[in-house]
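Q: I should like to learn how to read a predicted structure. Could we take it feature by feature?

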Amino acid sequence: MAPSLLPRGAVCAGLLGLSLVAASPATAATEPSACVLRLVPADAPSPWRLAVAAATRRLATLPSAHDCRTVEIAVRPDGSATLLFLTTDGRGAERALGGPNELAPTLEALLVTLPPAAPEAPAEAAPAAPAKAEPSPASAVAPAPSSSPPLRLSLGLTAGPRFALGAASHVAPSFTLRPTLEVGGWEAALFAEANPVHAAVHGVAFDASLWSYATGLSLGRRERIARWQVGYGVTLGVAVASESASEIPEVQGARSFDVTLPRAGGYARAIYPADAPVRLTLDVAGDAMIGELRDATTAKRYLPPFARYGAASAIGVEVSFR
């Protein structure tokens, strides 16, 4: 019975060995393979062998997910070489090496530029839409920045003739000082006007001197036309006029009379150049006295009557302080 047991034990041992041999490739296949570096010819000059040894140590430190299958260094008789790099998925690259010192940097570059291929995304998978960012509480309640209209402060000085029109007409040099505030195309200005002397033009039968001045407020708009600005608006103020003459026997006491009356009118103005800090201006204006001119009093004193209407033109300069 013993002889029959020996063949049966040998058969069992053989089957066990075959199973171990069959299992070993599958186990090795699950482990990452090393990147093999070959030097051709194997007896290449010593500098090449030293460089290949250093490169082999470098390849031994690759992570488990590397893509390098083989690296072959083919050295030519003149001392140069060709590097052949093959990846695990069959891609390859070839680089010329001028000497052993070029092996390490060239190999590092290939390890970076030939990474493992990314798996292809399914064709039917649509890219996910970016999530809409929710507004932060601060941005939800923050008010929009307000854009205030620009402000510009300017000072104007003009000079020109002024005509007083009525039963007696005069002409006088007129000087006006005008500080102006501009806000978004609107303008508001104070004005002070002086007419130091009047010369009779029509309807004056008495020898008398006349002067006047006025002060008030103007409101209007400014419009931009090319390099010009055009302004227009209304004026409201108070005018003071004074007449005097030498004494005559027909009149007892001084021959003088003053009148103070409200005055209303309008103006038009051209300004050039529109954006310069110092600008030239051309003005035309008209106005009328509001109230009783006291003609009976001036006639009793042998003085010319006051004029109710006025018209003026002037040129000047405007300086901006914006």
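Q: With which side chain does the side chain of His198 make a polar contact?
A: A polar contact is a pair of N or O atoms within 3.5 Å; within protein, one must be able to donate a hydrogen and the other to accept it, and residues adjacent in sequence count only if both atoms are side-chain atoms. In this predicted model, the side chain of His198 makes such a contact with the side chain of Ser212, at 3.1 Å. Residues are numbered from 1 along each chain as its sequence is written, and side-chain values use heavy atoms, with hydrogens and water left out. Local features need pLDDT (the predictor's confidence in each residue, from 0 to 100) of at least 70, and side-chain atom pairs count only at pLDDT 80 or more, whereas totals for chains, interfaces and linings use all residues.

Q: Where is the place of His198, and is this residue buried or exposed?
A: Buried means under 20% relative accessible area, exposed over 50%, and partly exposed in between (1.4 Å probe, protein chains only). His198 sits in the loop between β7 (186-195) and β8 (199-202); strands are DSSP runs of E of at least two residues, and helices are runs of H or I of at least four, numbered from the N terminus. Because its relative accessibility is 11%, His198 counts as buried. Neighbours within four places in sequence aside, its contacts (heavy atoms within 4.5 Å) include His170, Val171 and Trp211.

Q: How should a salt bridge be read, and which residue pairs with Asp283?
A: Side chains of opposite charge can pair when their charged atoms come close. The rule requires a side-chain nitrogen of Lys or Arg within 4 Å of a carboxyl oxygen of Asp or Glu. Asp283 meets Arg178 in this way, at 3.9 Å from N to O. Asp283 lies in strand β12 (residues 278-289) and Arg178 in strand β6 (residues 169-183), so the pair ties together parts 105 residues apart in sequence. Asp283 is buried at 11%, and Arg178 is buried at 4%. Both belong to a network of salt bridges, among whose members are Glu182 and Arg222.

Q: Where does pLDDT stay under 50?
A: Where pLDDT is low, the predicted coordinates should not be read in detail. Here pLDDT stays under 50 over residues 1-7 and over residues 137-141. The protein averages a pLDDT of 82, and 79% of the residues score at least 70.
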